[in-house]
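Hi everyone, thanks for coming along. I have one structure to walk you through today, so let me put it up on the screen.

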Amino acid sequence: MTNKELQALKERYVAAGAASPNEQFADHATNAELWDADGKRMIDFAGGIGVLNIGHRHPKVVEAVKGQLDKLMHTCQTVMPYEGYVRLAEKLSGIAPVRGHAKVMLANSGAEALENAVKIARAATGRSNVICFDGGYHGRTLYTMAMNGKAAPYQTDFGPMPGTVFRAPYPVPYHGVSEDEALRGLKMTMKADSPGKDTAAIIIEPVLGEGGFYAAPPSFLKAIREICDEHGILMIVDEVQSGFGRTGKMFAIEHSGIEPDMMTMAKSMADGMPISAIVGTDKHMDASGPNSLGGTYTGSPTACAAALAVLDVFKEEDILGKSQRLGDTLRKRFDQWQEQFPHVDNVRNLGPMAAIELVTDKTSKEPRADFAAAVTKKAKENGLILLSCGMYGNTIRFLMPVTIEDNILEEGLGIVEQALKEIG
């Protein structure tokens with residue numbers, strides 16, 4: 001079917017709230033390239049929103065999934081467990097930098113991982129409250145919507161949000177929130193809204209995802225660790241978007257040397273297969289009663305096979321080394337853009353988790369969401385999938401596969417550069 005025919009079906013049968021505004025429909029893809037239903041080629045700098053760190057349809061992942069399909073597709077691991085689940089749990093326990101011996105629960109999505117992390121934290125502490133941060137994004141289930149640090153479009157139209165969720169500032173000096181101010185804000189939240197004795201967890205993205213790709217300073221993460229220790233609060237790190245090589249390390253928290261009590265992960269964990277994980281210190285993970293955690297499809301055999309293959313690819317193909325080199329390449333280009341273009345400012349990266357900010361000018365720093373929209377629109381017209389994000393909608397984020405070929409990377413960056421010239 002053509003894009004036009006598929007668009008007509010979408011308009012008739014897909015709920016408006018779930019329908020993509022994009023009128024192109026993906027047909028097939030490989031690594032960093034995608035072709036739509038009309039055969040138009042696109043370079044992918046979005047990666048399914050950070051899901052494809054090792055590219056579309058990595059051959060070893062495809063092979064692993066096909067092999068699993070020949071053996072077993074489903075039993076529900078709470079009814080009849082299988083090898084893939086426990087092997088993946090073992091692998092994740094070994095690589096996740098949580099305190100002490102780690103245990104694992106597998107789920108289906110990042111939001112589901114966060115929901116279960118909160119359940120586990122409540123069971124482990126006997127407390128109800130959680131503290132999250134401005135600009136944070138944790139999912140679209142009812143409780144994770146309450147945890148998000150940005151209302152629109154996630155909470156729009158859905159009525160009152162669940163209680164026991166409280167907010168603190170995230171340090172973004174470019175937008176007027178220093179690290180000291182963020183810490184003062186967190187301490188005030190604990191005085192005014194959620195005292196330590198009532199707080200089960202402080203939940204933070206070490207690099208904001210939807211919130212604009214701002215990295216928390218290691219000293220800020222260290223201070224949170226100390227506050228958690230002082231009050232018996234669990235420190236939960238959300239690595240759903242920043243994990244699996246997106247920042248040059250397996251997990252972004254490793255840049256700080258901080259060990260959280262629990263971590264959530266998903267997205268690039270299985271190169272496109274739906275799976276997520278909660279990894280935490282054993283005494284916390286074991287706190288809830290029998291059959292208190294789970295779900296029909298959690299840790300499905302095919303998704304586990306994909307995730308195990310991803311971990312093999314990381315070792316065999318030096319994915320972390322490639323990630324670091326890609327980050328260096330992007331930063332050099334971004335520095336050139338910041339010098340060249342009057343509307344490009346605050347270029348930043350942690351590895352290839354990289355972004356630029358579009359502003360009226362570098363003096364006022366006034367965010368220009370319309371500039372970001374114009375750049376992404378022009379990029380799409382010229383064959384590049386590109387995403388904006390941020391509290392002000394003026395950040396362009398870069399989520400191309402770490403495995404992108406040099407010539408494809410250069411072609412895509414050239415498209416962005418041309419779009420930046422045109423908005424000038």
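I'll go from the overall shape to the domains, then the cores, and finish with three individual residues.

One thing to keep in mind from the start: this is a predicted model. The protein has 13 helices and 15 strands. Its radius of gyration is 21 Å, and the globule rule gives 22 Å for 424 residues, so the protein is as compact as a globular protein of that length. If you prefer box dimensions, the C-alpha trace spans about 60 × 55 × 45 Å along its principal axes. Buried residues account for 53% of the 424. On the outside, the protein exposes about 18100 Å², with carbon and sulfur atoms supplying 52% of that area. And if you take the contacts with a separation of 6 or more, 69% of them are between residues 24 or more positions apart.

Now, the domains. Domain 1 comes in two pieces, 3–57 and 318–423, while domain 2 is 72–317. Their C-alpha centres lie 25 Å apart, and the contact between them takes 38 residues from domain 1 and 35 residues from domain 2.

So what sits inside? The largest nonpolar core has 83 residues, and the members touching the most others are Leu 88, Leu 92, Leu 106, Met 265 and Met 269. Which helix gives the most to this core? That is H10, residues 301–316, with 10 residues. Both domain 1 and domain 2 contribute residues, so this core lies between them. Let's zoom in on Leu 106 for a moment: beyond residues up to four places away in sequence, Leu 106 touches Tyr 85, Leu 88, Leu 92, Met 269, Ile 275, Ser 276, Ala 277, Thr 298, Gly 299 and Cys 304. There is also a second, separate core of 31 residues, and its members include Ala 354, Ala 372, Met 400 and Leu 409.

Let me turn to Phe 244, which lies in the loop between strand E8 (234–238) and strand E9 (262–265). Is this loop residue buried or exposed? With a relative accessibility of 1%, Phe 244 is buried, because the cut-off for that is under 20%. Beyond its sequence neighbours within four places, Phe 244 has contacts that include Asn 53, Leu 92, Met 265, Met 269, Leu 311 and Phe 314. Met 265 is 21 residues along the chain from Phe 244, and their C-alpha atoms are 8.4 Å apart.

Next is Thr 189, in helix H7, residues 179–192. Thr 189 is buried as well, at a relative accessible area of 6%. Where does its side chain go? The side chain of Thr 189 reaches the backbone oxygen of Arg 167, at 2.8 Å. Once neighbours within four places are set aside, the contacts of Thr 189 are Ile 131, Phe 166, Arg 167, Ala 168 and Ser 194.

Last one, I promise: Ala 64, in helix H3, residues 59–69. Ala 64 is partly exposed, with a relative accessible area of 22%. Leaving out neighbours within four places in sequence, Ala 64 is in contact with Ala 305 and Ala 309. For a sense of distance, the C-alpha atoms of Ala 64 and Pro 217 are separated by 38 Å, with their positions 153 residues apart along the chain.

That's my tour. Thanks for listening, and I'm happy to go back to any of these views.

Terms used:
Residues are numbered from 1 along each chain as its sequence is written. This is a predicted model: local features need pLDDT of at least 70, side-chain atom pairs count only at pLDDT 80 or more; totals for chains, interfaces and linings use all residues. Side-chain values use heavy atoms; hydrogens and water are left out. A nonpolar core is a set of buried Ala, Val, Leu, Ile, Met, Phe, Trp, Tyr and Cys residues joined through side-chain atoms within 4.5 Å. Buried means under 20% relative accessible area, exposed over 50%, partly exposed in between (1.4 Å probe, protein chains only). Helices (H or I, at least four residues) and strands (E, at least two) are DSSP runs, numbered from the N terminus. Domain bounds come from an automatic or database domain assignment. Contact means heavy atoms within 4.5 Å. The radius of gyration is taken over C-alpha atoms; the globule rule is 2.2 Å times the number of residues to the power 0.38. Accessible areas come from the Shrake-Rupley method with a 1.4 Å probe; for residues, only the protein chains shown count as cover. A polar contact is a pair of N or O atoms within 3.5 Å; within protein, one must be able to donate a hydrogen and the other to accept it, and residues adjacent in sequence count only if both atoms are side-chain atoms.
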